[in-house]
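Ready to practise reading a protein structure? Keep the display open and try each task yourself before you look at the solution.

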Amino acid sequence: MILVTGGAYQGKLNYAKALCPGKEWADGGICTEQELLSCGGIFRFHSYIENRMKEGMTQGELLYLADTLYRENPEVVVVTDEIGYGIVPADAFEREYREVTGRICTRLASYAAQVHRVICGVGTVIKG
């Protein structure tokens with residue numbers, strides 16, 4: 001597994017595609033769990049988490065999903081926005097979403113062979 005993270009609109013997907021050419025990519029904003037577990041790479045993974053939370057999945061279920069993703073699709077490249085920086089939202093759902101996404105990405109980073117942080121299209125290897 002490779003995890004690519006960074007702020008919104010920082011060039012993470014282009015970086016990941018150059019890092020791992022030839023992968024089939026799924027969009028986390030619209031993909032199913034089956035697509036998540038079988039794709040070569042997923043972008044907007046944070047949107048996948050948000051959608052599942054809106055459907056009622058709990059933090060525990062979503063953390064288990066991170067384990068399942070690693071077990072079922074260990075070669076996947078996960079591209080996600082880092083949403084834990086900046087102003088803390090007043091909305092309770094938005095605060096929980098930030099926390100859950102951070103915990104899931106922390107778990108994915110522990111499994112990942114490589115973790116890259118992308119800023120302005122420039123990636124830095126922070127693990128691996």
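Below are four exercises on this predicted model, each with a worked solution.

**Exercise 1. The cores**

Task: Find the residues with the most contacts inside the largest nonpolar core, and work out which helix gives the most to this core.

Solution:
- Step 1. Start with the core itself: it has 26 residues, and F45, L69 and I104 have the most contacts inside it.
- Step 2. Next, look for the helices that supply it. At least two core residues come from each of α2 (33-38), α3 (45-54), α4 (59-72) and α5 (92-111).
- Step 3. Among the contributors, α4 gives the most, with five residues.
- Step 4. Now zoom in on F45. Leaving aside residues up to four places away in sequence, F45 touches L36, L69, V78, V79, T80, I104 and L108.
- Step 5. Finally, there is a second, separate core of eight residues, and I2, Y15, A16 and C20 are among them.

**Exercise 2. The two sides of a helix**

Task: Decide which residues of α1 are buried, and explain why they lie on the same side of α1.

Solution:
- Step 1. Helix α1 spans residues 12-19, and its buried residues are K12, Y15 and A16.
- Step 2. These residues cover an arc of only 95° around the axis, so they sit on the same side of α1.
- Step 3. Turn to the other side of α1, where N14 and A18 are exposed.
- Step 4. What do the buried residues of α1 pack against? Their partners are the strands β1 (2-6), β2 (25-27), β4 (77-81), β5 (114-119) and β6 (122-127).

**Exercise 3. Two helices that cross**

Task: Describe how α3 and α4 are placed relative to one another.

Solution:
- Step 1. To describe two packed helices, we use the angle between their axes and the distance between the axes.
- Step 2. Here the axes of α3 and α4 come within 11 Å, and they cross at roughly 135°.
- Step 3. Because of that angle, α3 is oblique to α4.
- Step 4. Add the handedness: the crossing of α3 and α4 is right-handed.
- Step 5. Name the residues that make the contact: F45, Y48, I49, R52 and M53 from α3, with L62, L65 and L69 from α4.

**Exercise 4. One residue up close**

Task: Is T5 buried or exposed?

Solution:
- Step 1. Locate T5: it is in strand β1.
- Step 2. T5 has 13% relative accessibility, and buried means under 20%, so T5 counts as buried.
- Step 3. List its neighbours. Not counting residues up to four places away in sequence, T5 touches K12, T80, D81, E82, H116, R117 and V118.

How values were computed:
Residues are numbered from 1 along each chain as its sequence is written. This is a predicted model: local features need pLDDT of at least 70, side-chain atom pairs count only at pLDDT 80 or more; totals for chains, interfaces and linings use all residues. Side-chain values use heavy atoms; hydrogens and water are left out. A nonpolar core is a set of buried Ala, Val, Leu, Ile, Met, Phe, Trp, Tyr and Cys residues joined through side-chain atoms within 4.5 Å. Buried means under 20% relative accessible area, exposed over 50%, partly exposed in between (1.4 Å probe, protein chains only). Helices (H or I, at least four residues) and strands (E, at least two) are DSSP runs, numbered from the N terminus. Contact means heavy atoms within 4.5 Å. The arc is that of the directions from the helix axis to the C-beta atoms. Axes are lines fitted to C-alpha atoms, for helices over the stretch in contact, and angles run from 0 to 180 degrees between N-to-C directions. Angles under 35 degrees count as roughly parallel, over 145 as roughly antiparallel, 65 to 115 as roughly perpendicular and the rest as oblique. A crossing is left-handed if the near helix is turned anticlockwise from the far one by less than a right angle, and right-handed if clockwise.
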